[in-house]
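Trainee: I want to test the labels before I trust them. May I ask what lies behind each one?
Mentor: Go ahead.

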Amino acid sequence: MESFLQFKILRKEKTMTDRDFERQFVDAHNDYRQKHGAPPLSLSKDLCNSAQKWANHLLSSKCLKHSSTDHGENLYYASSSVPKEYNGKDAVDSWYSEIKDYHFDKPGFTSGTGHFTQVVWKDSREVGVGIATDGKTIIVVGQYHPAGNISNAGYFEKNVLLPGSSPSDRHSSPVRKPDPSQKGTTHPEGKGSDRVFERQFVDAHNVYRQKHGAPPLTLSRDLCNFAHKWANHLLSSKSLQHSSTDHGENLYYAYSSAPKKFDGKDAVDNWYSEIKDYHFDKPGFTSGTGHFTQVVWKDSREVGVGIATDGKTIFVVGQYHPAGNISNAGYFEKNVLPPGSSPSDRPSSPVRKPDPGQKGTTHPQGKGSDLAQFHRDFLQACNFQRAAHGAPGLTLDSALSRDAQTWAQTLLKGRLLKNSSSPHGENIWAKTGSPGITATGQEVVDAWYKQVENYDFSKPGHQDKTGQFTQLVWRSSKEVGVGMANSGTGMVTVVANFKPAGNITNPGYYALNVLPKGSKVTNEPVQDVTLRMQTLKVTSLSASELDTFVRDLLTSLNQYRSQHGAGRLELSSALTKEAQEWADHLISINRLMNSNKGHGENIFCLSGSSKTAPTGSYVAESWYKEIEKYDFSSPGFKNGAGNFTQMVWKSSKQVGLGLATNGLGKFIAVAFFDPAGNINNTDYFHDNVKTKGSRM
């Protein structure tokens, strides 16, 4: 069996070459930073150790992805067909080249300029570098502290300056070690001023909320305690990330070059400034306006604030109850009103005093008949959506409803949103607002069904933010139970249990159970179809047939590569074994999907009445035809051209090939490439996908 890489990545002592690389790396950074008025970086041993560990991991796993570090991080990858001595400046030059795509008149983060902006980020003070190489392939990891690319309002403007800027231009803040006497404090200037800060914070909210027809917030001491704890954590970890609270939450972070008296209004002004990017004609959540929408969210009634500072750095955490930014249909329209709205404009929910006798009740309006009506509406709404996706109607099961009712009550009591340990399928929904709010079965089902917008039917399987939709229309589910709990004071929870459970990730289950809209309802049991699919026959091709196919495909691949200035691929027995196994697997499950093994990967499928295997040249030609969808004047990954770009990818050196059939006219071919192509780093497509007629 062939082996591809002999890893030489772990060094206990750094060599002179390592030291040279580090010096070149830091010097290149500081040359570029000087052009942008940013102070020089110093080399951090701790950051180097962290970066080296991640570089080792990336080389051993043959993939390129970010670590989970809280530091800033840049990644670089390069490959040469012959052993090559790499320079520490190469990676930094590649990262800095992204400046051509950065718009200084529109400062902010974009995916194609993040390496550049981290290199010149003014507030970063330390850097570490890790290098992992086998002599021909190199991976470079740069880690930065404090991290750059912070998208708070004004941060890019202050930290990514125009070429030619002086160090004093738009000074953001020097980083210094905290005064030990101030370390971890939660009070800007002491307990009395803490109260002043809180009053300023609440008053600023209510001034803005009044402009948008939202009632005033009151200060909650419980929320303040939660917020203070999280602010302390953020200061101690020097990171900016949300907690796991169920409350609404806004975060703010600021530097000052000298000790400064912070005002409770500063954070709120910063959050509210996002209004400039909010489109009232298209209400909904966007990542750049979430602070603003929470500030003016009409149904929020209480707020808490936590402050942590070392005198020059401040973290402010605001927590809100009930939480805002709920993306159920119609919520943003009712809760985020245009400036000038009066408190009576578009009320989000009628306000009435709760019936004292109903506190904590599990009934929508306190009557059994109302709950029964909710059940009927819910079942009707479920079956309407299921019919649209070819799924038979559900029947309401009283035992499932009792279990769902118990869990809905538990969630309401704990003010939580989490799944139970039930073996059934389970969907959860919650609504907060003014006392007296209710919910309809249609409203709940509509919220779950809205996730259809996120589901890609061409790639059946588990997908983020689609689980409630897929369970709702899961064809094999036959029974449902539903429970509702209403506090009477502004919170409703709904739980639905489905039997049999949906969202089963066994191969082929999603394809058979989550059908596109317009599918017809059939009486054929899904279980029978699934069983047949799982036992599809894989008919082995003869050794001579496989050998002929592989040799023909390899020859054709190399002919096409030579036309684009790429070297010949060598056939790897290890990769060929993997490719054949994956082709057999795809035939057995009757699906097309990538293996996620870390290789470059091309797949071909042919289905028809003929049982004659396709030739290797025919498969290669089908991949190569995708050249028609590739734009050489704008290099980069293009949908519909990935098979072509992988087959001619210059840095790929080895290939494994497999072909499988079901014996009934269906054939699947798989090609695995190492190193993988289609890497979307700066200039990678430009360097690896050459125009026809290019020389090696």
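Trainee: How do you know that strands S11 and S12 pair, and in which sense?
Mentor: Count the bridges. Two strands pair if DSSP finds at least two bridges between them. Strand S11 (residues 479-486) and S12 have eight, and they run in the antiparallel sense. So the pairing criterion of at least two bridges is met with eight. As one register point, Glu 479 stands opposite Lys 499 in S12.

Trainee: What is this model, and which cut-offs apply?
Mentor: It is a predicted model: local features need pLDDT of at least 70, side-chain atom pairs count only at pLDDT 80 or more, and totals for chains, interfaces and linings use all residues. Numbering starts from 1 along each chain as its sequence is written, and side-chain values use heavy atoms, with hydrogens and water left out.

Trainee: What makes a run of residues a strand or a helix?
Mentor: DSSP runs: helices are H or I with at least four residues, strands are E with at least two, and both are numbered from the N terminus. The protein chain comes to 21 helices and 16 strands.

Trainee: Which residue in the hairpin of S11 and S12 takes a positive phi?
Mentor: Gly 488, with phi near 80 degrees. The hairpin has four residues between the strands.

Trainee: Which other strand is joined to S12 by bridges, and how many are there?
Mentor: Strand S10 (residues 425-432), through eight bridges, again antiparallel. Lys 431 stands opposite Val 492 in S12.

Trainee: Why is S12 called mostly covered?
Mentor: Buried means under 20% relative accessible area, exposed over 50%, and partly exposed in between (1.4 Å probe, protein chains only). In strand S12 (residues 491-499), eight of the nine residues are buried. Across the protein chain of 696 residues, buried residues make up 50%.

Trainee: What is the strand order in the open sheet of four strands?
Mentor: S13-S15-S16-S14, with mixed pairing.

Trainee: Why do S13 and S14 count as standing at the edges?
Mentor: Strand S13 (570-571) and S14 each have a single partner strand, so one side of each has no neighbour in the sheet. By contrast, take the link from strand S15 (residues 654-661) to strand S16 (residues 666-674): eight bridges, antiparallel. There, Gly 658 has Val 670 in S16 as its bridge partner.

Trainee: Why is the pair of Phe 378 and Trp 448 called edge-to-face?
Mentor: Rings of Phe, Tyr and Trp (its six-membered ring) pair if their centres lie within 6.5 Å; planes under 30 degrees apart count as stacked, over 60 as edge-to-face, the rest as tilted. The structure holds 32 aromatic pairs. For Phe 378 and Trp 448 the centres are 5.9 Å apart and the planes stand at 90 degrees, so the label is edge-to-face.

Trainee: Where in the chain do the two residues of that pair lie?
Mentor: Phe 378 is in helix H11 (residues 368-388) and Trp 448 in helix H13 (residues 441-449). They are 70 residues apart, so the pair links distant parts of the chain. Phe 378 has a relative accessible area of 0%, so it is buried. Trp 448 is buried as well, at 0%.

Trainee: What makes the pair of Phe 457 and Phe 469 edge-to-face?
Mentor: The centres are 6.3 Å apart and the planes are at 85 degrees, so the pair is edge-to-face. Phe 457 sits in the loop between H13 and helix H14 (467-472), and Phe 469 in H14, so the pair ties together parts twelve residues apart in sequence.

Trainee: Are Phe 457 and Phe 469 buried or exposed?
Mentor: Phe 457 is at 27%, so it is partly exposed. Phe 469 is at 0%, so it is buried.

Trainee: Which residues form one aromatic cluster?
Mentor: Tyr 560, Tyr 624, Tyr 630, Phe 632, Phe 644, Trp 649 and Phe 685.

Trainee: Why does Ile 138 count as buried?
Mentor: The relative accessibility of Ile 138 is 2%, so it counts as buried. Ile 138 lies in strand S4.

Trainee: What does Ile 138 touch?
Mentor: Contact means heavy atoms within 4.5 Å. Leaving out residues up to four places away in sequence, Ile 138 touches Phe 21, Tyr 76, Tyr 77, Ala 78, Tyr 86, Ile 131, Ala 132 and Thr 133. From Ile 138 to Leu 59 it is 7.8 Å, C-alpha to C-alpha, with their positions 79 residues apart in sequence.

Trainee: How much of the contacts in the chain comes from residues 24 or more positions apart?
Mentor: They account for 75% of the contacts with a separation of 6 or more.
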